[in-house]
Amino acid sequence: MATADVAIIGAGAAGLAAAIFAGETAESSGSRSIVLLDGAKTIGAKLLVSGGGRCNVTHEVVAPTDFFGNRRIIKNVLAAFSVDATIAWFASMGVELKREETGKLFPVTDRSRTVLNALIERCCELGVAILSDHRVTKIARVPDSPAGFVVHHSHGALAASRVILATGGRSIPKSGSDGLGYELARRLGHHVTPTVPALAPLVLDDRMFHKNLSGLSQEIELTTVVKGKTLDVRNGSLLWTHFGISGPVVMDASRFWCLAHEQGEPAEVHGNFFPGENQEQVRRWFMEQTRDHPRRSLGKTLAQRLPQRFTDSLIQHAGCDGQTAIAQLPRKDRDSLLPLMTKFPFPIVRDRGWNYAEVTAGGVPLEEVNFRTMESKLVPGFYLAGEILDCDGRIGGFNFQWAWATGHLAGQAAWRPDAYQSDRIDP
């Protein structure tokens with residue numbers, strides 16, 4: 001049976017980072033044996049498609065509030081590997097990053113392949129053995145043995161002193177992250193909170209007018225209400241599509257609807273197409289337009305503030321006539337239109353599924369790992385990193401920062417179990 005000091009399961013962002021940091025920590029010892037196993041025939045598929053094929057490596061400002069999960073623990077993990085550390089780390093591998101207006105950081109080449117190649121090349125320089133098409137089926141503990149674990153995979157088995165689980169969640173399963181990691185963690189005694197798609201587009205009832213607006217983007221304030229309680233309010237860009245709605249504001253809010261739906265709880269999502277203004281303020285603007293431009297049509301009036309295509313569809317949806325002079329608009333039409341402009345109910349029927357979700361909400365509870373090392377509190381020598389943990393960030397490079405940070409901690413600690421950062425923020 002082959003042996004290794006550290007076996008890392010999953011060659012995505014977190015797994016590759018863990019392999020590199022384990023390898024760099026081990027360099028001073030003069031000998032190392034680090035094996036990275038992945039079930040896919042070609043590694044890095046998820047990384048390659050991220051950011052529209054450009055790979056949004058991180059964000060210029062990353063805070064615990066950009067994530068969902070135990071933010072006390074998240075705060076400590078992020079403190080161990082900052083954005084500046086990420087930038088310097090990639091620069092050391094020959095990958096220069098650039099900042100875009102949104103604060104997102106991308107490789108200057110605008111190619112995700114640049115990032116993946118750099119990570120793989122660094123692994124090779126450090127002597128990390130990358131075994132693709134090696135799907136792990138079981139992790140067995142070997143008590144009172146230097147080996148610690150036996151990792152069973154599709155080509156046999158590997159004895160390892162320590163194991164890092166970085167299999168990802170359930171998003172984009174064709175990349176290899178099909179949820180198997182959760183079962184591996186469960187068999188070792190870990191819990192797994194309910195997992196649902198996050199950063200996912202949402203599908204609307206076919207009777208809606210979204211198909212007519214496909215490709216149109218507009219600013220909106222989106223509110224998610226679950227069991228009558230407002231859980232999330234955020235502003236951003238909404239993208240109308242042939243199936244429903246997408247765009248950053250929808251992707252960020254999707255986790256709340258998905259979790260409620262999974263748990264059978266009533267959930268509503270509504271939009272204010274006049275962000276920052278309430279219905280009374282919009283009504284006053286509307287009445288001012290009626291007074292100052294009485295002959296202007298309803299359609300042209302709304303098009304001053306809203307995209308024309310959207311205006312036409314909204315007016316029709318409300319059962320009004322867009323050609324009507326605004327001063328001649330019946331009060332009942334005005335009363336039906338105003339709520340739609342500031343509290344539009346989106347008829348969501350489902351999310352678009354795991355194939356289109358960028359990340360997973362839920363996973364192994366952060367409380368079950370030591371945030372200084374990412375080592376399991378239940379299984380000594382077993383570490384967890386990346387998306388398999390119950391932590392998901394908003395869109396914009398935050399989930400990659402989580403992958404680099406947890407990979408950094410797990411990789412260093414798995415090689416030198418007493419390794420930790422002296423500047424860690426304690427709870």
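Which residue of β14 does Val225 stand opposite? The answer is Thr230. This pair is a good place to enter the structure, which is a predicted model.

Val225 belongs to a hairpin, so start there and work outwards. Strand β13 covers residues 217-226. Strand β14 covers residues 229-240. The two run antiparallel and are joined by 10 bridges. Two residues lie between the strands of this hairpin. One residue there to look at is Lys227, with a positive phi near 50°.

β13 has another partner. Strand β16, residues 267-272, also pairs with β13. Six bridges hold this antiparallel pairing. Within it, Thr224 has Val269 of β16 as its bridge partner. How much of β13 is buried? Seven of its 10 residues are, so the strand is largely enclosed by the rest of the structure.

Now step back to the whole chain. It has 427 residues, and 56% of them are buried. There are 12 helices and 23 strands. The C-alpha trace spans about 85 × 45 × 40 Å along its principal axes. The accessible surface comes to about 18100 Å², with 48% of it belonging to carbon and sulfur atoms. Look too at how the chain contacts itself. Among contacts with a separation of 6 or more, 74% join residues 24 or more positions apart.

Next come the nonpolar cores. The largest has 83 residues. Trp89, Leu119, Ile139 and Trp404 touch the most other members. Helix α12, residues 398-415, gives the largest share of this core, with 11 residues. A second, separate core holds 47 residues, including Leu222, Phe274, Val282 and Leu302.

Take Ile139 as a sample of the largest core. Set aside its neighbours within four places in sequence. The contacts of Ile139 then include Ile9, Phe149, Val150 and Val163. Leu165, Leu184, Leu188 and Phe382 are also in contact with Ile139.

Two helices deserve a look. Helix α1 runs over residues 13-26. At 1.5 Å a residue, its 14 residues should span 20 Å. The end C-alpha atoms are 20 Å apart, so the model agrees with that value. Of those 14 residues, 13 are buried, so α1 is largely enclosed by the rest of the structure. Helix α10, residues 308-317, contains Ser313. Is Ser313 buried or exposed? Its relative accessibility is 9%, so it counts as buried. Beyond its neighbours within four places in sequence, Ser313 is in contact with Phe209, Asn212 and Leu213.

A small sheet sits elsewhere in the sequence. Three strands form an open sheet in the order β3-β6-β5, with antiparallel pairing. β3 (58-59) and β5 (97-99) stand at the edges with a single partner strand each, so one side of each has no neighbour in the sheet. β5 pairs with β6, residues 104-107, over three bridges. Lys98 has Phe106 of β6 as its bridge partner.

Finally, the cysteines. How many disulfides does a search of the whole structure find? It finds zero. A disulfide is a covalent bond between the sulfur atoms of two cysteines. For Cys258, the nearest cysteine sulfur is that of Cys391, 17 Å away. That distance is too far for a bond. Both residues count as buried, because Cys258 has 3% relative accessibility and Cys391 has 1%.

Technical notes: Residues numbered from 1 in each chain as written. Predicted model: local features only at pLDDT ≥ 70, side-chain atom pairs only at ≥ 80, totals over all residues. Heavy atoms only, no water. Pairing = 2+ DSSP bridges. Helix = DSSP H or I, 4+ residues; strand = E, 2+ residues; numbered from the N terminus. Expected span 1.5 Å × (residues − 1). Buried < 20%, exposed > 50% of the residue type's maximum accessible area, 1.4 Å probe, protein only. Core = buried A, V, L, I, M, F, W, Y, C linked by side-chain atoms within 4.5 Å. Contact = heavy atoms within 4.5 Å. Disulfide = S-S within 2.5 Å. Areas by Shrake-Rupley, 256 points an atom, 1.4 Å probe, with all protein chains shown as cover.
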